Amino acid sequence: MPDVLHDLPEPIHRLVPSPAGRIHLVEQGAGPLVLLLHGFPESWYSWRRQLPALAAAGYRAVAIDVRGYGRSSRPDDIAAYRMLELVEDNVAVVRALGEESAVVIGHDWGANIAATSALVHPDVFRAVGLLSVPYAPRGGPRPSEVFAGMGGGAEEFYVSYFQEPGRAEAEIEPDVRGWLGGIYAALSGDAVPGAGAGDPHFVVRGGRMRDRFPAGLPGWLSEAELDVYAGEFERTGMGGALARYRNMDRDWEDLEAYDGAAIGQPSLFIGGGRDASTVWLAEAIEAYPVTLPGLVGAHVLDGAGHWLQQERAVEVNGLLVEWLRQLR
């Protein structure tokens, strides 16, 4: 039999117009469009192991650099990174590719962006896949108030730490490569925290997030792959990526009309058994019969951490392809 993966054309890098100015994307394969959205702190490159697998299965797989990352536009105004702006970027990508609709799949922040894209534009996004971060409808108190109460007196939740402009940049940018390697290791399923290191999702007041990162790289990440990520953020800085955290209250206000709203399109969830995003939001997963009535499958991979599509590429690819085939 022919080697399908080796027979594939090389991925194509393109810039397409969007409300932000431009979106950089990487495209491989032909067939129904599947749009892939990364999270923090990543880029299109986090889908490098999915692009050929989806292309080989008969899909037009497209991974983008979300606004603020990589070669996509990076507006100066923090408010330009609000959720509804990112949703319109996704619509613009679909249109620029000459398509009417797409399946949208996201990881981490990309999962939130994918879910909101499906919610706001069900005519464009006909199905939605969520990795690591479950769908939870808009509701409850203002997000900044919730996060401010999560750390207690001695610690601060990482989201609050990220929300103050310039603060996290001052920690990360002097050693981008070291910080990225540390957070990738800390949130991996194979993480081995140092003695008494504490939860890396919380920052000791007056300390740094990286103080709780383990040494070394996770097994799924090579030095050369880390160089790719580090090279992008060394060039762009971290401000555009961190702006997503700085718009959570704006998003809460912008999406008031969708309070408690369900997503009716066919959906898929894949989480990691050792991922705080999946564990802490267990109630959101339990609510899926109401919030995701079109759910086709929900999977939690034992022992997996946060970086699912990179840590468990073979399993994730299999689940994605099986789900996509069911949609067809």
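**A reading note on this predicted model**

1. Let's begin with charge. The protein chain carries 27 positive and 44 negative charges, and the mean positions of these two groups are 3 Å apart. Please keep in mind as you read that this is a predicted model.

2. Next, the overall build. The protein chain contains 15 helices and ten strands. Its C-alpha trace spans about 55 × 45 × 40 Å along the principal axes. How does the radius of gyration of the protein chain agree with that of a compact globule? For 328 residues, a compact globule would have a value near 20 Å, and the chain has 19 Å, so the two agree.

3. Now look at inside and outside. Of the 328 residues, 57% count as buried. The chain exposes about 13,000 Å², and carbon and sulfur atoms supply 53% of that area. As for how the chain meets itself, take the contacts between residues at least 6 apart in sequence: 77% of them join residues at least 24 apart.

4. Helix α3 is a good element to trace by eye. Its twelve residues should span 16 Å at 1.5 Å a residue, and its end C-alpha atoms are 16 Å apart, so the helix agrees with the expected span. α3 is also mostly covered, with ten of its twelve residues buried. Among those buried residues are W109, I113, T116 and L119; alanines such as A111, A114, A115 and A118 are on the list too. What covers the buried residues of α3? The cover includes the strands β3, β5 and β6, together with the helices α2 (83-96) and α10 (248-254).

5. Just before α3 sits D108, in the loop between β5 (102-107) and α3 (109-120). D108 has a positive phi of about 60° although it is not a glycine. Most residues other than glycine have a negative phi. Is D108 buried or exposed? D108 is buried, because its relative accessible area is 9% and the cut-off for buried is under 20%.

6. S132 makes a nice companion to D108. This residue lies in the loop between β6 (125-131) and α4 (143-148). S132 also has a positive phi, of about 80°, and is not a glycine. With 0% relative accessibility, S132 counts as buried.

7. One peptide bond deserves a visit. A cis peptide bond joins F40 and P41, with omega at about -10°. Most peptide bonds are trans. P41 is in the loop between β3 (33-37) and α1 (51-56).

8. Try I78 for a lesson in sequence versus space. I78 is in the loop between β4 (60-64) and α2, and is partly exposed with a relative accessible area of 27%. Leaving aside residues up to four places away in sequence, which residues does I78 touch? They are P165, A243, R246, N247 and R250. I78 and L242 are 164 residues apart in sequence, while their C-alpha atoms are 9.2 Å apart in space.

9. G166 gives another such pair. Located in the loop between α5 (158-163) and α6 (167-172), G166 is partly exposed at 37% relative accessibility. G166 and G239 are 73 residues apart in sequence and 7.7 Å apart in space, C-alpha to C-alpha.

10. E232 is a charged residue to check in helix α8 (residues 223-236). Is E232 buried or exposed? E232 counts as buried because its relative accessibility is 17%, and buried means under 20%. Not counting residues up to four places away in sequence, E232 touches D65, G70 and R71.

11. V290 belongs to helix α13 (residues 288-291). V290 is exposed, with a relative accessible area of 64%. V290 and P17 are 273 residues apart in sequence, and their C-alpha atoms are 36 Å apart in space.

12. Finish with helix α15 (residues 313-327). This helix has 15 residues and reaches 21 Å from its first C-alpha to its last, close to the 21 Å expected at 1.5 Å a residue. The buried residues of α15 include V316, L319, L320, W323 and L324; N317 is buried as well.

Definitions and conventions:
Residues numbered from 1 in each chain as written. Predicted model: local features only at pLDDT ≥ 70, side-chain atom pairs only at ≥ 80, totals over all residues. Heavy atoms only, no water. Helix = DSSP H or I, 4+ residues; strand = E, 2+ residues; numbered from the N terminus. Expected span 1.5 Å × (residues − 1). Buried < 20%, exposed > 50% of the residue type's maximum accessible area, 1.4 Å probe, protein only. Rg over C-alpha atoms; globule rule 2.2 N^0.38 Å. Contact = heavy atoms within 4.5 Å. Areas by Shrake-Rupley, 256 points an atom, 1.4 Å probe, with all protein chains shown as cover. Lys, Arg positive; Asp, Glu negative; His and termini not counted. Charge placed at Lys NZ, Arg CZ, Asp CG, Glu CD.
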